[in-house]
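User: Could you take a close look at one of the chains here? I'd like to know how it is built and how it meets its partner.

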Amino acid sequence: MHSSTQHRARRALASVASATVLALLLAGCQASPDAASSAPVEGGTLTYASGDAEPSCLDPHVGGNYPQALLAGQFLDSLVSRDADGEIIPWLATEWSASEDRLSWEFTLRDDVTFTDGTPFNAEAVKVNVEHLKDPATESSTGYLALGKVESVEAVSDTVARFTLSAPDSALLESLSMPWLAIESPAGIARGMEENCQAPIGTGPFIVDEWVKQDHVSLVRNDDYNSPPADAKHDGKAYLEAIEWRFIPDSASRYAALQAGQVDVLDNAQPDTIASAEKTTTLAHLDAPRPGASNRIELNAGAAPFNDPAVREAFIRAVDVNDGIESLFFGSAERSYSPLSSVESAGYSDESLFGTDLDEANTLLDEAGWSEKDADGYRVKDGERLTLDFPVSTNQSIPAEQSLFEQIQATAKQAGFDVQLSLLDLSSWYGVLAENEYDLVSAPYTKVGPDVLRILYHSDGIVPAPSGYFANLSQVSDPQLDDLLTRASEISDNDERSDLYEQAQKIILEGFHILPLYDQQNHFLLSTEVKGTRSMPTVSTPTFYDTWLAGK
Amino acid sequence: MSELDLRTAAASATHVRRVRLSVGEVLASLFVLFLVVATIAPGVLSSIDPNAISAKEAFESPSTDHWFGTDESGRDIYSRVVAGTSTSLLIGISATAIGLTLGLILGVLAGFGGRALDFTVNRVIEVLFAFPGLLLALLVIVIAGPGPVTATIAVGLSTAPGYARIIRGQLISIRSSGYVEAARVLGHGRWRVLTRHILPNALAPLVVLATLGVGQAVVWAAALSYLGLGAQPPAAEWGAMLSAGRTYIGTAWWLTVFPGLMIVLTTIATTVLGRSLTRRTAANA
């Protein structure tokens, strides 16, 4: 903890517009003359510009979205991680084993790790964290859903935690590798939601020092850090002294700040800036498609008009997205025909279902009873217009994607669909979804492994999580699909698991429940002075533990 | 119309004939004419569908085919700018009308309704004044939801206190003028004095204010659309176009420059005309 004088000094410094630049210059001075070589340099502040929504709570247990994961990865560690080959590797847990019936898992924990508030990390801490995630009062959605089969955790000893499951869970390790299930200090959690949201306490390489809302989060180095994941490039504390995590929602300003050297890294890089950055020698591009689901438009089968499969098929036949993806994304996004991300080996694609055919769309709509058109060219049935409400979260859809949605609106109109796009901020968007006032929606969902399909398409996902969010936005309710997804989530054999997921994806695609677009785009631009940054093979968030700043 | 009003109108007509229009006034009038045509008959100015997308023609720079270039979806920016005129102007004019009407009601209540009412209305106006105009507009949108209609009402509401204060001031100064005294002495009723003598004289400067106000309201409406709170896609509205184009400002300047230019020119044109009206009415007074 810092004294208040230091706090004041820091605030005063932060108020000076050039503080960041100054810090960078100082970092540059500290760098040895042979900084161009590969020896990491210690010190300096990295300035990160996030275009994602600013979290309303820094504790990733609460809610559980990607902006939280981006930050939490810097100050929280998880029980396990995943390496570049997709294998689960040790982190805070050194080894694990499942019982014969796979209803009981024992995790052996490191015995030399301490939270940054001095609380020891042990089996009791794991128990507290799981209970925190499962407590409805925490308002968790991602972590809550991922732990759906975990009934309880028992501290067998200080270093052994036993998980008891209600049913076998083939995705347990994948789930535990995610930042939304990262381990926080029990004493930190005990402070209550408000305080814990402001500055969660973990065992990670950095510590949340200050959060100035609508502006930035200051992270300082944890000098006692000793628990990097097994695939990290070095041991001990991080090279960087601090990270200034700024929120710059406007993409053009973000890129301008990077070009001007005011920031070192930005996320949510826009396709046109990726194209222009790739032409420079001072900027590098990190492309880290997210695991889990592809970016897709969900067709809400829970209400008219999409409760009629023919209308869903007609919509998918009517819209044309390929040319738009090519021109709007400047070649940085590849069309997907799968519910799953291309990084998931269990992904199944079927391009043949998504050919554009306006005549076919018109025939389908005529046969479905939407045969009349009104004066504006939109189809009507029983006096009701064929309107599709399409709420778009401006925080979760980049401008290129919003433009793609406008193109979808225009091509769907040719078949007589009245697509009503409304651009909403994140909380209004969640509100509209909770009220079930949508027909089309694009909701990114990141999860490690194909079990994301169970969360998104099992009929249980129509029931809202404690946060009020429900993940099955296409509202598919199919007993056969439920059965496949349940079996896949319990099976231990990898090939059989993949086979069941393939059958499930076929049902989703052939039922015209989704329009897959591309992988969840996750592009970062970095100054070439930023060295050693990689994206975590778990949920593709960048980690700055191995990062160092080279001199000019 | 009152005799007085007719006289003023006649006087200013001879005045216009005598004084030559300046270059600025001619240009401003021509631009306003362009706006009027674009609003009433956009087809005259552009034959291309402003919402017709063509992904293969995206990001084309200005050419003879596309005078102002194409946007990220291959839509013709010139026809979108033309199509956006009606939305922008309609919001501008309606918002000014709402602001003026409300301002008039509040102003008359304050300036003519007696001391207690004057005090109350003034406090209301002061409270409204305490909010920056755009913030007040945002508040209205938060309550009523985004869209062009709410944006119009929001902008109208937030300009009302300004108008109300000016009208009140006018009424108070005219109330104690010689001809109103005379009318009272002649035994005319309160209502007759208000409608025949006070209001016509108080309203003359409002025409000028309204002209200036339309330009301001267009900017505000564009600002709200820029924030995603006004016109919704695919509507071609200048502020919304600016907002959509800003992502590409480094690579495709024409996406923002042309709609931005329209906002600037509209404001300049209405300001030039408003000022020349001010000068002329002042010269006639």
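Analyst: **Chain B up close**

Buried residues make up 42% of the 285 residues in chain B; here a residue is buried if 20 or more other C-beta atoms, placed from the backbone, lie within 10 Å of its own, exposed if 12 or fewer do, and partly exposed in between. Please keep in mind that this is a predicted model, where local features need pLDDT of at least 70, side-chain atom pairs count only at pLDDT 80 or more, and totals for chains, interfaces and linings use all residues. Residues are numbered from 1 along each chain as its sequence is written, while chains are lettered from A and ligands numbered from 1 in the order in which they are written.

You will find 11 helices and 0 strands in chain B, taking helices as DSSP runs of H or I with at least four residues and strands as runs of E with at least two, numbered from the N terminus. The C-alpha trace of chain B spans about 75 × 50 × 25 Å along its principal axes. Among the chain B contacts with a separation of 6 or more, 68% join residues 24 or more positions apart; a contact means C-beta atoms, placed from the backbone, within 7 Å.

One helix pair is worth zooming in on. Helix α4 (residues 77-112) of chain B and helix α7 (residues 148-175) of chain B have axes that come within 5 Å and cross at roughly 40 degrees, with axes fitted to C-alpha atoms over the stretch in contact and angles running from 0 to 180 degrees between N-to-C directions. The crossing of α4(B) and α7(B) is right-handed, that is, the near helix is turned clockwise from the far one by less than a right angle. Where α4(B) and α7(B) touch, 21 residues are nonpolar, 10 polar and 2 charged.

Now for the partner: 18 residues of chain B are in contact with 19 residues of chain A. The chain B side of that contact divides into 8 nonpolar, 7 polar and 3 charged residues.

Finally, the cores. The largest nonpolar core has 157 residues, and A:L219, A:I243, A:L266, A:F315 and A:A504 touch the most other members. That core lies between domain 1 (35-288 + 522-549) and domain 2 (295-518) of chain A, because both give residues to it. A second, separate core of 59 residues includes B:L35, B:A160, B:A240 and B:L242. A core here is a set of buried Ala, Val, Leu, Ile, Met, Phe, Trp, Tyr and Cys residues joined through C-beta atoms within 7 Å.

Technical notes
Ala, Val, Leu, Ile, Met, Phe, Trp, Tyr, Cys and Pro count as nonpolar, Asp, Glu, Lys and Arg as charged, and the others, Gly among them, as polar. Domain bounds come from an automatic or database domain assignment. Two residues are in contact if their C-beta atoms, placed from the backbone, lie within 7 Å.
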